[in-house]
Amino acid sequence: MSLSYDLIRSLSDAHPKVPIIQYQYGTAGFRTLGTVLDGVMFRVGVLAALRSKRLNGQTIGVMVTASHNPEQDNGVKLVDPRGEMLEAAWEAHATLLANAETTDDFIDALNHLINITKVDLSKPARIVYARDTRPSGESLVAALEDGFKALDAEARSVGVTTTPVLHYFVRAINTKGTNESYGDDTEQGYHEKISEAFKKLVAGRPPIEPIIIDCANGVGALVASTLSQYIGNTLPIILENTATNAPGALNYQCGADFVKTSQRLPPSLIGRLKPGQRACSLDGDADRLIYYYLDERGYFHMLDGDKIAALVAAFLVELVKTANLDQKLRIGVVQTAYANGASTKYLTQHLPVKCVPTGVKHLHHAAEHYDIGVYFEANGHGTVLFSRGTLELLNTHEPTTPAQSTALQRLVQLTLLINQTVGDALSDMLLAEVVLSHKAYSGVEWDSLYSDLPNRLVKVVVPDRNSFRTEDAERRLVNPVSLQPKIDELVRKYEGGRSFVRPSGTEDVVRVYAEAALKSQADELALRVAGLVYDEAGGDPSKRPKEFL
């Protein structure tokens with residue numbers, strides 16, 4: 001088979017690149033204003049078809065979403081055959097295609113890509129794709145579909161759904177009919193798989209009190225509504241912020257990112273959340289989860305990704321030990337530098353902990369090196385991975401006591417409950433509810449596993465974020481060379497002090513994170529380090545932001 005260059009050319013001309021703008025494919029794919037993504041979408045459609053051909057016709061996923069970003073933004077990312085992130089080498093290919101200025105440039109880049117990656121054009125191209133509820137989604141999907149058409153790809157739309165459901169579809173399709181079958185490749189298959197596992201895991205436990213889910217006025221509201229029907233009274237669910245069609249409502253003063261960054265209730269839950277009641281927030285495409293509760297005095301307490309990792313990891317360690325598999329299975333936790341120092345200290349008392357650079361792809365790959373790998377970013381994005389060997393062991397191991405048998409069956413059901421392709425807020429919510437039910441924990445007991453160190457995150461606008469380079473999983477700066485010693489000197493002045501500086505992956509800012517024993521000290525340390533960054537980046541001292549002490 002050869003390419004139809006006349007078709008490619010005519011379709012490319014209909015979706016030109018916006019001049020001047022330079023696009024970058026990062027961990028979350030392409031993300032920017034929805035109004036400047038039409039040409040990118042077409043080219044991603046072509047790239048997805050090439051990726052499928054390169055992998056002998058395996059199905060590639062394409063998700064149109066900008067997750068927790070404001071509604072005016074949109075984005076697109078590719079999903080590889082096992083439901084994992086796009087292979088890192090192909091991120092550069094995506095960036096190259098997206099930035100070809102003209103149709104001629106695009107065709108040249110396309111031919112170059114086919115040659116260097118040795119794509120066999122005779123292979124079929126198969127794609128499954130979806131979008132979230134953003135108003136720009138429909139027109140951007142039309143551009144994406146033209147990209148599929150340009151390479152005569154076989155494409156299947158699964159409509160409007162969450163990012164984790166799309167990842168589920170990709171693995172389910174590619175493992176269909178094999179001994180690694182991940183589930184039925186329908187949304188019903190997704191709901192049945194996790195709801196049935198949940199019901200089995202909490203069978204015989206006391207009734208579970210209702211939980212409030214803030215859906216961020218995003219697509220998670222649609223999937224959560226359906227999931228609640230499958231779960232029924234096993235877990236009564238109260239959905240809030242479900243206005244998926246209200247202009248400007250998506251992620252506005254609600255959702256996981258709002259709660260994590262502002263460390264307070266979404267305004268819509270004020271007066272509705274009662275002391276002691278459990279609540280959680282999803283983000284706009286339902287791949288992040290943040291829990292929280294009010295204590296008896298009405299004070300807000302956040303249970304973020306670090307707290308979820310601690311809760312889940314401790315439960316897994318307990319089950320593996322009870323099943324008498326602790327000598328055969330190695331459990332580990334993966335974090336980033338943003339993990340609260342208190343969580344790292346707590347976890348290292350129970351199992352190995354590895355720190356990796358920020359970005360889901362880094363956490364996911366590191367977690368694959370354990371038999372059972374737990375990873376959660378502090379922002380609430382995470383999951384648990386069970387290796388192939390672990391899955392085989394769980395299905396063949398012969399327990400010798402009733403307690404071992406029960407623990408083994410619970411581990412098997414957890415492998416079905418957890419969406420292992422990517423962080424899934426709804427699957428993770430059910431996982432947390434299972435652990436809380438078994439431990440008879442309220443939010444207070446969960447929160448008391450360890451006490452977070454006070455922390456502060458500040459961003460500094462800089463002319464060129466690429467001039468800041470890091471090492472040691474982004475915990476230390478190597479450039480500018482004079483800055484890290486100054487940071488070290490500042491940190492030593494604060495009890496429990498820790499601070500690091502890293503360039504943003506999506507905007508021209510540098511992020512500064514700081515911890516200390518007292519909130520006032522954490523704030524002061526973060527702002528003083530931010531001041532150092534501002535001065536180092538070439539900012540005018542007379543225009544230095546007042547908050548950077």
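In the predicted model, residues 304-441 are 54% helix and 13% strand, and the C-alpha atoms at the two ends of this stretch lie 16 Å apart. Residues 186-289 are 35% helix and 12% strand, with end C-alpha atoms separated by 23 Å. Both stretches fall under one annotation in UniProt, where an unreviewed entry places the feature "domain: Phosphoacetylglucosamine mutase AMG1" at residues 186-289 and 304-441.

Helix H10, which covers residues 305-322, comprises 18 residues. From its first C-alpha to its last, H10 reaches 26 Å, close to the 26 Å expected at 1.5 Å a residue. Of the 18 residues of H10, 13 are buried, and the helix is therefore largely enclosed by the rest of the structure. At the start of H10, aspartate 304 directs a side-chain oxygen to within 3.1 Å of the backbone nitrogen of aspartate 306. Asparagine 324, which follows H10, has a positive phi, near 65 degrees.

Charged side chains were examined next. The count of salt bridges in the model comes to 27. One of these joins aspartate 80 to arginine 51, with the closest N and O atoms 2.8 Å apart. Arginine 51 belongs to helix H2 (residues 38-54), whereas aspartate 80 lies in the loop between strand E3 (73-79) and helix H3 (88-98), so the pair ties together parts that are 29 residues apart in sequence. Both partners are shielded: the relative accessible area is 4% for aspartate 80, which is buried, and 3% for arginine 51, likewise buried. The pair also takes part in a network of salt bridges that links Arg51, Asp80 and Glu87.

Two further salt bridges each pair a buried residue with an exposed one. In the first of the two described here, the side chains of lysine 176 and aspartate 185 meet at an N to O distance of 3.2 Å. Lysine 176 is exposed, with a relative accessible area of 53%, while aspartate 185 counts as buried at 8% relative accessibility. The other is formed by the side chains of aspartate 295 and arginine 297, at an N to O distance of 3.3 Å. Here aspartate 295 is the buried partner, at 6% relative accessibility, and arginine 297 is the exposed partner, at 57%.

Terms used: Residues numbered from 1 in each chain as written. Predicted model: local features only at pLDDT ≥ 70, side-chain atom pairs only at ≥ 80, totals over all residues. Heavy atoms only, no water. UniProt positions renumbered as here; feature names shortened; annotations may be inferred. Helix = DSSP H or I, 4+ residues; strand = E, 2+ residues; numbered from the N terminus. Salt bridge = Lys/Arg side-chain N within 4 Å of Asp/Glu carboxyl O. Buried < 20%, exposed > 50% of the residue type's maximum accessible area, 1.4 Å probe, protein only. Expected span 1.5 Å × (residues − 1). Polar contact = N/O pair within 3.5 Å; in protein donor to acceptor, adjacent residues only side chain to side chain.
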